[in-house]
Amino acid sequence: MADFVGAVDQGTTSTRFMIFDHGGNEVARHQLEHEQILPQAGWVEHNPIEIAERTTSVIRTAMQKANLQATDLAALGITNQRETTVVWDRRTGRPYYNAIVWQDTRTDRIASALDRDGRGDVIRRKAGLPPATYFSGGKIQWILDNVDGVRAAAERGDAIFGNTDSWLLWHMTGGVDGGNHITDVTNASRTMLMNLETLDWDEELLGFFNIPRQMLPEIRPSSDPNTYGVARWPGPLGGEVPLTGDLGDQQAATVGQVCFNVGEAKNTYGTGNFMLLNTGTELVRSEHGLLTTVAYKFGDAAPVYALEGSIAVTGSAVQWLRDQLHIINDAAESETLAASVPDSGGVYFVPAFSGLFAPYWRSDARGAIVGLSRFNTAAHLARATLESICYQTRDVVEAMAQDSGVTLDVLKVDGGITVNNLCMQIQADVLGVKVSRPVVAETTALGAAYAAGLAVGFWKSTDELRDNWNESQRWSPEWSPEQREDGYGRWKKAVERTLDWVDVD
C-alpha cells in the first residue's frame, strides 16, 4: 500500500494541500491565499475559478516538495469552508456568479421572513439550524432570484449548486467530462435543506426557498469506501488517487482532534471560531442558540451528531488590524503588540462585522469598540482583539453547558491562531479551564486525511487515530475568579452596544 494520504483544505482565506504519513505526521504542505471580494458592506464573495486554480497549484507544489508521485498516495480527502455557495453551469463549468461566502449578510431579509411566518421553526426542527444569513439555502435563493437566467437554467438541470467541496470534487473527477456532483452529510447539514433524521434533501425545506431539487448534489457519507471518484485533474494526481473523504472544515477538525466519544469537544480558531461537542448518535436540539449538526458519518455506520457554536469573526479580526487599520504587518505581530501592555486598558472590541452568530444570531449587530479613552493605544486594541476571540468562545461554552450539561475540564484547540501563545493563555483565563493544543495544530486537513484513509484501510480504526494524537502545549488559568467574572460582565455589556444597529426588514 502507498505510504501517505493527501488532503485538500479549501478555507475562507486560502487553500492548502497537506500530506500525512501513517502516524498522522505532516510530510509536506503548500498554501495559497485567494482574493476576498467585498462589493459592498456586508457582502463577501470569492472567485470559484481562482479557488479551483489555486487548488491545482497547491497540490502540484506540495507533491513536488515531497518528491512524491500519485502512486505514493493511498487516498485523498477534501475539507472546505462550509456554507459558501457556488452555482455553476454543468455544461461549461463556468460559475453563474461569484461564490457567496458564509460571512455574507445580503440574505438577511430572506432569513427574517422565514422567522416571521413560522417556517423558521420547521427549519430548526428538521435541519437543526436557525434561519440565518450564514447558511447556504438563502444564498442559493438569492442567486436564483437575482442573477439573470439562473432559475431557468436550474429548471432545465443545467445550473447546479455546491459548497466548495462539491465544486472541487466535480472538477477533480472530470468537470464537464463526467464530473461527479456530490457532497457529504456534514456539508449538506449546513444548507437548511437537509433533514437531519433522513440525511436527505427535504421537499418542504426546498419549497421554502423555491430551490429545484435537481440543482443539488448527491449526499454521501463523510468517509466512503465506494469513493467519490478518482482524481482526474492534469498533473501529479491524474486519474490514480481515490477520493474517499469529504468533510466540512469544522467536522474535519473534530475528526482530526479524535473527538469520537460523547462529550468530547474541540474549538477551531480560524477566520471564525467553531466549537463542536460530540453528542453521539443522539440528536440534541439546542435551546440556547447553538446548532445541531452532523459531526461525521463513516461508511455504513450510523451518523454521529454534534452541538456547534459558530462565531463569525475571530481570526479575521486580526486580519482587519493588518489589512484595514495597518497597525500590524502580519498576524504574528498581534501577539507582540498585545503583550506590550498588561491588559486591554478597559477597551472591549466586539467584531460583529457580519452580525453576531452563536449564541445570539443577530444579523442587526455590527462591530463596536467601547471603553476608549485617550490613554488607549494600538497595543490595547490588539489585546482587546485577542480577548474578543476568547470571550466569544466563552459565550458558546456557556450555551453548550446549558444545552448538554457538559462542563469542560480541558478545551482542545486547533487552527492558526493557536500559535499565538498569549491568546491561548487569555483563553484559559477567560474560561477558567485548561487549554490543550495538539502537535498537529492544522487538524482540519488531518481530519480529512483520516476520513479518506479510514475508507481504504490505511488506518484500520479510530483507535489508531487516537494513538496518533499528542499534546504540544497546555495552558492553565491564571486569573482570579473575580477578575474572570468582571471581565465577562463587561464583555456582555459591550455586546449589548452592538445590537439594533442595522434595520432588518
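**Exercise 1.** Find which residues the UniProt annotation "binding site" covers, and which of them help line the largest pocket of this predicted model.

*Solution.* Start with the record: the unreviewed UniProt entry puts its "binding site" label on Thr12, Arg16, Thr271, Gly315, Gly416 and Asn420. Next, check the pocket: Thr12, Arg16, Thr271, Gly315, Gly416 and Asn420 are part of the lining of the largest pocket.

**Exercise 2.** Take Gly416 and work out where it sits, how covered it is and what it touches.

*Solution.* First, place it: Gly416 lies in the loop between β21 and α13. Then look at the accessibility: Gly416 has 40%, so it counts as partly exposed. Last, skip the neighbours within four places in sequence, and you find Gly416 in contact with Tyr269 and Glu442.

**Exercise 3.** Now do the job for Asn420: is it buried or exposed?

*Solution.* Locate it: Asn420 is in the loop between β21 and α13. Its relative accessibility is 7%; buried means under 20%, so Asn420 is buried. Then list its contacts: leaving out residues up to four places away in sequence, Asn420 touches Ser334, Glu335 and Leu386.

**Exercise 4.** Which strands pair with β22, and in which direction do they run?

*Solution.* Begin with β21 (residues 410–414): three bridges join it to β22, and the two run parallel. One partnership to spot is Leu411 with Val435 in β22. Follow the chain and you'll see that β21, helix α13 (residues 421–431) and β22 form a right-handed β-α-β unit. Now turn to β23 (residues 471–475): four bridges join it to β22, running antiparallel. There, Pro438 stands opposite Glu471. Finally, check the cover: four of the five residues of β22 (residues 434–438) are buried.

Definitions and conventions:
Residues numbered from 1 in each chain as written. Predicted model: local features only at pLDDT ≥ 70, side-chain atom pairs only at ≥ 80, totals over all residues. Heavy atoms only, no water. Buried < 20%, exposed > 50% of the residue type's maximum accessible area, 1.4 Å probe, protein only. Pairing = 2+ DSSP bridges. Right-handed = clockwise from strand over helix to strand, strands pointing away. UniProt positions renumbered as here; feature names shortened; annotations may be inferred. 1 Å grid on protein atoms, 1.4 Å probe; cavity = no way out; pocket = protein on both sides within 12 Å on 5 of 7 lines; lining within 4 Å. Contact = heavy atoms within 4.5 Å.
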